[in-house]
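Here is a friendly walk through one fold, from its strands to its helices and on to a single loop residue. Keep the viewer open and follow along.

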Amino acid sequence: MNITFSGLHDTHLEPYQIVNLQKLAEQEAGKLEHGVHNGNLVLHVKEYSKDGKKHKYSITMKLEYPGQLITSTQEDWDVVTAVRKTFNNAKNAVNKKFRK
């Protein structure tokens, strides 16, 4: 599965956090690949409240596979939690598509 990140370098994340985020996305995408083959995954990371000490993150995911498009968005104060929640929402959407 091809994973593309956008907006990742516009955030105030440290380099080790970016690497951890990419590894987490690869792990979670592997779980999604069981239900979806030949898919493209786009993760858009957006950071809110850039002036203060705490930052809120919004993760928008687009999962494209032949004949289908699934989008999922989640916000959280922790970027790792936001990514996990986004992937969980996408897994639920994929399960709904294939239950029919």
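## The sheet

In this predicted model, four strands build an open sheet, and their order is β1-β2-β3-β4. The pairing within the sheet is mixed. At the edges sit β1 and β4 (68-76), each of which pairs on one side only. Direction ignored, neighbouring strands of the sheet are turned by 15° against each other on average.

## Strand pairs, one by one

Let us start with the parallel pair. Strand β1 (residues 2-6) and strand β2 (residues 40-48) are joined in the parallel sense by five bridges. One place to find this pairing is Ser-6, whose bridge partner in β2 is His-44. Between these two strands the chain passes through helix α1 (residues 15-32), and the resulting β-α-β crossover is left-handed. That handedness is a good thing to check in your viewer.

Next come the antiparallel pairs. β2 and β3 run antiparallel and are joined by nine bridges; here Val-42 stands opposite Lys-62 in β3. β3 and β4 also run antiparallel, with nine bridges between them, and Ile-59 stands opposite Gln-74 in β4. The hairpin of β3 and β4 has two residues between the strands, and in this hairpin Gly-67 takes a positive phi near 85°.

## Helices on the sheet

Both helices can be placed by the strands they touch. α1 packs on the sheet through β1, β2 and β3, and its direction makes about 140° with that of β1. α2 packs on the sheet as well, touching β2, β3 and β4, and its direction makes about 150° with that of β4.

## A closer look at α1

Does the length of α1 agree or disagree with what its residue count predicts? At 1.5 Å a residue, its 18 residues should span 26 Å, and the end C-alpha atoms are indeed 26 Å apart, so the two agree.

Now for the two faces of the helix. Ile-18, Leu-21, Leu-24, Ala-25, Glu-28, Ala-29 and Leu-32 are buried in α1. Because these residues cover an arc of only 135° around the axis, they lie on the same side of α1. Pro-15, Tyr-16, Glu-26 and Gln-27, on the other side of α1, are exposed. What do the buried residues of α1 pack against? Their partners are β1, β2, β3 (56-65) and α2 (79-99).

## Leu-13 in its loop

Our last stop is Leu-13, which is found in the loop between β1 and α1. Is Leu-13 buried or exposed? Its relative accessibility is 9%, and buried means under 20%, so Leu-13 counts as buried.

Which residues does Leu-13 touch, leaving aside its neighbours within four places in sequence? Leu-13 is in contact with Leu-8, Ile-18, Leu-21, Tyr-57 and Val-79. Two of the names in that list, Ile-18 and Leu-21, are also among the buried residues of α1. Leu-13 and Glu-47 are 34 residues apart in sequence, and their C-alpha atoms are 9.6 Å apart in space.

Terms used:
Residues are numbered from 1 along each chain as its sequence is written. This is a predicted model: local features need pLDDT of at least 70, side-chain atom pairs count only at pLDDT 80 or more; totals for chains, interfaces and linings use all residues. Side-chain values use heavy atoms; hydrogens and water are left out. Two strands pair if DSSP finds at least two bridges between them. A crossover is right-handed if, with the strands pointing away from the viewer, the path from the first strand over the helix to the second runs clockwise. The expected span of a helix is 1.5 Å times one less than its number of residues. Buried means under 20% relative accessible area, exposed over 50%, partly exposed in between (1.4 Å probe, protein chains only). The arc is that of the directions from the helix axis to the C-beta atoms. Contact means heavy atoms within 4.5 Å. Axes are lines fitted to C-alpha atoms, for helices over the stretch in contact, and angles run from 0 to 180 degrees between N-to-C directions.
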